[in-house]
Amino acid sequence: MRFTNAQLILPDSIQRGSIEVREGKIARLSSAKASADAVDLRGGYLAPGFIDLHIHGALGRDTMEGTADAFRVITEFHLRGGTTSIALTTVTAAESEIIRVLNAAKPWHNKSLGGSRVIGVHVEGPFISKAKSGAQNPSEIRPPLAVEWKKYLRYGALIAEMTLAPEEPGALPLIHALRKNGSIASGGHTNATEDHLRVALEAGLDHATHTFNCMSTAAKRGPYRVAGMLEFALAHPEISCELIADGVHVAPTLMKMLFNAKGRDGVCLITDAMAGAGLKPGTLFQAGSENSLAARVTENAALTEDGSALAGSTLTMIEAVRRAVQLGGASIVDAVRMASLNPARQLGRDREIGSLERGKRADLVWFDREFRARGVWLDGDVRFIV
């Protein structure tokens with residue numbers, strides 16, 4: 001298969017040309033402009049498939065349902081937004097509920113149910129701070145005891161990422177274990193100060209969950225000021241920062257600040273999409289497990305039912321890329337990199353996915369100048385096209 005008449009979004013530039021795919025992998029990139037047997041992309045952009053490290057649901061369905069049917073609906077919806085690899089994300093819930101999700105996801109690890117490939121599971125909580133619980137259920141927050149987290153790590157590479165509060169007693173052994181397992185150890189829903197974070201960084205903390213949201217910031221200690229999770233993440237290049245790029249979770253000025261501080265390699269765009277993604281504004285849905293808060297879809301995000309707080313986003317990845325460009329001032333090349341190559345590197349899978357390079361899987365998204373996804377291919381097979 002060949003794709004021609006495309007603006008190829010490469011890691012460092014945009015090049016007009018063609019891509020040849022053989023046996024599900026990118027075989028050749030060229031400057032050829034036309035071919036009779038090729039898929040004509042009509043001058044549109046061809047990018048590597050997007051990788052979403054943090055996504056809860058869509059169309060009224062939630063990862064916490066722990067069923068293949070729910071996963072299918074979620075991954076098919078997000079595939080149409082250009083996402084080819086997805087980390088299904090749990091919420092703070094009972095151990096039995098999290099285990100149920102892991103058991104349901106295990107047969108689909110690195111496989112597709114018809115939509116995005118399930119690249120793993122992101123366990124968001126329960127080892128977080130009650131002071132920064134956000135829309136998570138505070139009654140299910142608990143300390144990171146090895147007797148519990150060892151049960152999750154028995155699933156090995158299925159655990160793509162875990163969000164935890166580094167300041168909680170017992171967090172450091174968990175961070176060590178996550179890195180040994182090959183999982184992303186991410187600081188989030190945390191009230192940590194730089195004292196906690198310095199030792200967490202040494203232990204292997206290398207990621208920040210939905211930066212600016214539900215994390216500590218600079219505070220006074222006596223007559224002095226100390227950094228929180230936000231400033232620590234901005235200051236340390238070892239830490240990659242997730243960004244919900246909808247313009248409301250993080251205002252455009254703060255998006256620009258993040259891009260300036262972290263550069264093109266230090267940000268991973270995420271959706272943090274809840275079950276409300278794809279539903280009409282005004283629709284009520286359950287945000288996570290049965291005991292979680294009710295939430296309502298708005299024009300730009302999901303809010304708690306009373307409208308007092310954010311309860312996750314309704315983004316797709318192509319919309320996150322658009323807003324990173326149009327609101328945050330990122331270039332298209334850099335925004336695509338933040339949605340593909342950077343998360344692939346965090347997962348340790350950048351030799352396989354994340355960029356248009358010879359030998360990598362042909363996970364591709366075609367979009368136009370208005371940032372509308374026109375086609376998506378997974379391992380070279382068409383999964384969506386208009």
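This report walks through the sheets, cores, aromatic pairs and a few backbone details of a predicted model.

## Ground rules

Residue numbers start from 1 along each chain as its sequence is written, and side-chain values use heavy atoms, with hydrogens and water left out. Because the model is predicted, local features need pLDDT of at least 70 and side-chain atom pairs count only at pLDDT 80 or more, while totals for chains, interfaces and linings use all residues.

## The parallel sheet and its helices

Let us begin with the eight-stranded sheet. Its strands are parallel and follow the order 6-9-10-11-12-13-16-17 in an open arrangement. Strands here are DSSP runs of E with at least two residues, helices are runs of H or I with at least four, and both are numbered from the N terminus. Two strands pair if DSSP finds at least two bridges between them. At the edges stand strand 6 (50–55) and strand 17 (267–270), each pairing on one side only. Further in, five bridges join strand 9 (residues 83–89) to strand 10 (residues 117–124) in the parallel sense; Ala87 has Gly120 in strand 10 as its bridge partner.

Two helices are worth a look against this sheet. Helix 1 (residues 68–79) lies across strand 6, strand 9 and strand 10, and runs at about 140° to strand 9. Helix 4 (residues 171–181) lies across strand 11 (159–164) and strand 12 (184–187), at about 165° to strand 11. Such angles are taken between N-to-C directions, from 0 to 180 degrees, using axes fitted to C-alpha atoms, for helices over the stretch in contact.

## The three-stranded sheet

Another open sheet has three strands in the order 18-19-20, with antiparallel pairing. Strand 18 (284–286) and strand 20 (302–304) each have a single partner strand, so one side of each is left without a neighbour in the sheet. On average, neighbouring strands of this sheet are turned by 40° against each other, direction ignored.

Strand 19 (residues 294–297) and strand 20 run antiparallel and are joined by three bridges. Within that pairing, Ala295 is matched with Thr304 of strand 20.

## Nonpolar cores

Now to the interior. The largest nonpolar core has 98 residues, and those with the most contacts inside it are Phe50, Leu102, Leu243, Leu269 and Phe367. Apart from it lies another core of 14 residues, including Ile19, Ala362, Leu364 and Trp366. A nonpolar core is a set of buried Ala, Val, Leu, Ile, Met, Phe, Trp, Tyr and Cys residues joined through side-chain atoms within 4.5 Å. Buried means under 20% relative accessible area, exposed over 50% and partly exposed in between, with a 1.4 Å probe and protein chains only.

Phe367 is buried, with a relative accessible area of 0%. Leaving aside residues up to four places away in sequence, Phe367 touches residues including Ile9, Tyr45, Phe50, Ile318, Val336 and Arg374 (contact means heavy atoms within 4.5 Å).

## Aromatic pairs

Across the whole structure, a search finds four aromatic pairs. Rings of Phe, Tyr and Trp (its six-membered ring) pair if their centres lie within 6.5 Å; planes under 30 degrees apart count as stacked, over 60 as edge-to-face and the rest as tilted. The rings of Phe3 and Trp377 have centres 4.7 Å apart and planes at 80°, so this pair is edge-to-face. Phe3 belongs to strand 1 (residues 2–9) and Trp377 to strand 22 (residues 373–378), so that the pair links parts of the chain 374 residues apart. Both residues, Phe3 and Trp377, are buried.

Phe367 and Phe371 make a stacked pair, 5.7 Å centre to centre with 15° between the planes. Phe371 is buried, at 8% relative accessible area. Together with Tyr45, Phe367 and Phe371 form one aromatic cluster. Elsewhere, the charged end of Arg374 sits over the ring of Trp366, 5.4 Å from its centre; this requires NZ of Lys or CZ of Arg within 6 Å of the ring centre and within 35 degrees of the ring normal.

## Backbone details

The peptide bond from Gly125 to Pro126 is cis, with omega near 15°. Pro126 is found in the loop between strand 10 and helix 3 (146–153).

Two asparagines have positive phi. Asn5, in strand 1, has a phi of about 55° and counts as buried at 19% relative accessibility. Asn110 has phi near 65°, lies in the loop between helix 2 (95–105) and strand 10, and is partly exposed at 29%.
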